[in-house]
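Let's walk through a protein structure together, one step at a time. Have a look at the model below, and then we will begin with a small puzzle.

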Amino acid sequence: MTADTITTADTRIDARWLIPVEPFGVVLEHQAIILQGSRILAIVPQTEADHHYRTRETLTLDQHVVLPGLINLHGHTAMSLFRGLADDLPLMTWLNDHIWPAEGKFVSEQFVTDGTRLAMAEMLRTGTTTFSDMYFFPEISAQAAHDTGMRAQICFPLMDMPTVWGSGPEEYLNKGAELIRQWQQDDYVMPAIGPHAPYTVSDGPLRSAVALAEDTGAAVQIHLHETAFEVADALKNTGKRPLARMAELGVLSSNTQCVHMTQVDESDLLLLKQTGAHVVHCPESNLKLASGFCPVQKILDHDINVTIGTDGAASNNDLDLFGELKTAAMVAKAVANDAAALSAHRALEMATLRGAKALGRDQEIGSLVAGKLADLIAVDLSDPYLQPVYDPASHLVYSNHGRAVSHSWIHGVPQLQDGILTRIDVPDLVLRVNEWRKQILS
Ligand SMILES: CSC[C@H]1O[C@@H](n2cnc3c(O)ncnc32)[C@H](O)[C@@H]1O
Ligand SMILES: [Zn+2]
């Protein structure tokens, strides 16, 4: 570009620090991020931007670190309405005796509308710009994400048993195929297939799920090897580890996201590597339900993609991915018995570019590079609890929590400005949530 060339654009963001995630491990200073429409037009030193860009608005974030929006690869968004309802229980007691009965009683289209909005408000407030959801009435959560302008992978649920959303696998698959048809071209919504777990979905529906994934290109997300009991029980009943059964049925591919994976032996590592399937690590849910420890560093060392998710707010009990990153990094070090395991930069990559890769969208989101979609966040490091700043990446993972996120943009649209949500009416949402609280308590 010659000295006299001036380009006009929408927005200029002047950042004190910038962590683009790509290239890996880099922290830049005093950069200007230029947005035009839904995309990043350029990232240049501020002094260069002064000479070459004229923008409609300029935002000076001189105490902030700017990075790609976070990607929460696993959750059950509407379950935010069940936050704190059943704590201190192991997985199967929690599900069988508390959560599934409550879902049978209360989950409806309105529940999913309000619960999804509650979860989106929390995620946006704490830096998430893309989330994955696996829940009943996915057509409602898809619409809610689209209307709010949040990027979302919406996995329709598939189980053997009847639920509030349908009578069984045939109906789930028919409704799911329609969901995929309706949303596949959307800017924000990525429809996907969500077989619940190996112990709730039999071989026939899993084969149909594979056929649907192959026909449509939709991703598959499944809870897998969540507990030692799941693996032991499967070995007793089928003679196979659940992951091996999934491989035999054709479920595993580079379009598959395996959630939890706390039980991983050499045969599992081989299957994950051979098929290109992704692992979604949910450390806080695994800790709270005492499900087990995912050996994250070992999996990464085998060149298998690991991403991060919160799981639902009923088993976490928050959706703050920055908190999740700190837990992930701490637990990874303890599990590997190595303080160098899961470094701050690697953890940030898990919550951004690696998440994008699992969604098949790493050419579009997950790092801050000119030409990619403008999904980005700013974190204000000026609070005393974040001082002094030697290394912003270290602060983001080890000292921060999501409430320090001040700004976000998705698809170039501002979603959070100085800590205020622009697209969700929070007072109205809180009123609705409290109506649910009264109903569920009674
Ligand atoms: C079929 S919709 C999703 C289904 O999953 C349940 N659920 C929530 N958290 C977990 C978990 O950690 N493991 C297994 N199942 C989980 C949720 O309550 C819905 O019924
Ligand atoms: Zn889950």
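Is Cys258 buried or exposed? With a relative accessibility of 0%, Cys258 counts as buried, where buried means under 20% relative accessible area, exposed over 50%, and partly exposed in between (1.4 Å probe, protein chains only).

Before we go on, some ground rules. This is a predicted model, in which local features need pLDDT of at least 70 and side-chain atom pairs count only at pLDDT 80 or more, while totals for chains, interfaces and linings use all residues. Residues are numbered from 1 along each chain as its sequence is written, chains are lettered from A and ligands numbered from 1 in the order in which they are written, and side-chain values use heavy atoms, with hydrogens and water left out.

Back to the cysteines. A disulfide is a pair of cysteine sulfur atoms within 2.5 Å, and by this rule the count is zero. Cys258 takes part in none: the nearest cysteine sulfur, in Cys294, is 11 Å away. For Cys282, the closest cysteine sulfur also belongs to Cys294, but at 9.0 Å it is too far for a bond. Cys282 is buried too, at 0% relative accessible area.

Now find the zinc ion (ligand 2). Its protein donors are His74 (NE2), His76 (NE2), His223 (NE2) and Asp311 (OD), which lie 2.0 to 2.3 Å from the ion. Donors here are N, O and S atoms within 2.8 Å of the metal (3.2 Å for Na, K and Ca); water is not among the atoms, so sites may look incomplete. The angles between the four donor atoms run from 88 to 168°, so the arrangement is irregular. Four donors count as tetrahedral if all angles lie between 85 and 135 degrees; four count as square planar and six as octahedral if opposite donors are over 155 degrees apart and all others between 65 and 115; anything else is irregular.

Along the sequence, the donor spacing reads H-x1-H-x146-H-x87-D. His223 sits in strand E9 (residues 220–224) and Asp311 in the loop between strand E12 (306–308) and helix H12 (321–336), so this pair ties together parts 88 residues apart in sequence. Helices (H or I, at least four residues) and strands (E, at least two) are DSSP runs, numbered from the N terminus. His223 is buried, at 5% relative accessibility, and Asp311 is buried at 5% as well.

Finally, step back to the whole chain. The protein chain has 16 helices and 16 strands, and buried residues make up 59% of its 442 residues.
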